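Colleague: Could you pull up the model and talk me through it? I'll ask as we go.

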Amino acid sequence: MLMHRQVLLLYVLLMIALYFLQGFLGFGLWPIYLISIAYILLLTYASFNFQFNFYTKAYHKGTTDDKVVALTFDDGPDQSVTPQILDILKSRNVKATFFLIGNKIPGAEKLVKRIDSEGHIIGNHSYIHKTLLTFIPSFMVRKDLNKTTAIVEKIIGKRTDFFRPPFGVTTPAIGWALSIMKIKTIGWNIRTFDTYYNEEEIILQRIKDGLVPGSIILLHDILPIYKTLLPKILDLLEKRSYKVIPLDQLINCDPYIEV
Ligand SMILES: [Zn+2]
């Protein structure tokens with residue numbers, strides 16, 4: 001699969017060639033305009049389709065035939081919902097991954113410590129978690145991500161190496177920042193759209209429909225619905241003989257960098 005840098009190079013070369021050719025052959029500038037529009041459309045499509053791996057190579061599922069999955073929770077820490085989720089996970093002896101938003105951490109340090117001490121992985125979900133992140137230059141994206149990594153490191157003494165882009169949106173600037181930082185980008189293959197539907201039956205059905213060996217399931221630990229829904233999700237997985245394993249085992253990558 002071609003990535004953005006190769007496509008950009010092809011685009012520039014094609015533009016130069018067409019510009020000089022039209023001078024000789026006189027077919028005008030319309031092919032340049034047409035290809036430029038197609039290029040912009042491709043960039044936009046790729047930005048909203050994380051699975052396309054256009055700006056950054058991400059882990060969207062594990063490569064295994066075993067019936068194993070990983071649970072991931074985005075957008076916490078949430079003082080009300082995250083502890084409830086942790087209680088359920090503890091009672092079921094399940095380890096998950098929490099992609100934290102940096103600006104929610106101040107005041108929730110104990111909760112972040114608890115997530116780590118109970119054996120769950122902590123990942124970076126940006127500091128600002130706003131669409132603004134998709135419009136800022138690469139160095140500012142890095143600054144944003146480093147801010148969350150530093151806050152988490154100060155609390156748990158470990159430097160996370162897992163990042164999940166807010167809203168699953170990636171851009172040339174984000175892709176460039178990630179390649180410089182060499183941080184591992186984590187996607188999903190089951191998106192429940194739980195923040196949109198917020199309904200047990202629909203979320204369970206989406207999990208049932210997408211369930212395959214190696215699945216990475218995207219959930220949000222900001223929704224009170226999980227107090228009753230999470231046990232049902234765990235029951236469903238058990239019923240289908242799927243075991244929940246930690247994300248690092250599923251994708252065979254270390255979640256933290258040695259410091
Ligand atoms: Zn998010």
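Modeller: Sure, one term before we start: buried means under 20% relative accessible area, exposed over 50%, and partly exposed in between (1.4 Å probe, protein chains only). This is a predicted model, in which local features need pLDDT of at least 70, side-chain atom pairs count only at pLDDT 80 or more, and totals for chains, interfaces and linings use all residues. Residues are numbered from 1 along each chain as its sequence is written, and side-chain values use heavy atoms, leaving out hydrogens and water.

Colleague: How many helices and strands does the protein have?

Modeller: Both are DSSP runs numbered from the N terminus: helices are H or I with at least four residues, strands are E with at least two. On that count the protein has 10 helices and 11 strands.

Colleague: Does the span of helix α1 agree or disagree with its 22 residues, and how far apart are its end C-alpha atoms?

Modeller: The expected span is 1.5 Å times one less than the number of residues. For the 22 residues of α1 (residues 4-25) that gives 32 Å. The prediction agrees, with the end C-alpha atoms 30 Å apart.

Colleague: Which elements do the buried residues of α1 pack against?

Modeller: The buried residues are H4, V7, Y11, M15, L18 and Q22. They cover an arc of only 85 degrees around the axis, so they sit on the same side of α1; the arc is that of the directions from the helix axis to the C-beta atoms. On the other side of α1, L9, L10, L13, F20, G23 and F24 are exposed. Counting contact as heavy atoms within 4.5 Å, the buried residues pack against α2 (30-48) and α6 (172-181).

Colleague: And α4, which of its residues are exposed on the other side?

Modeller: In α4 (residues 109-117), L111, V112, I115 and D116 are buried. Their arc is only 140 degrees around the axis, which puts them on the same side of α4. On the other side, the exposed ones are K110 and S117.

Colleague: Which residues coordinate the zinc ion?

Modeller: Donors are N, O and S atoms within 2.8 Å of the metal (3.2 Å for Na, K and Ca), and water is not among the atoms, so sites may look incomplete. The donor residues are spaced D-x49-H-x3-H in sequence. At 2.1 Å, the coordinating residues are D75 (OD), H125 (NE2) and H129 (NE2).

Colleague: Is H125 buried or exposed, and with what relative accessible area?

Modeller: Buried is under 20%, and H129 falls there with 15%. H125 is buried too, with a relative accessible area of 2%.
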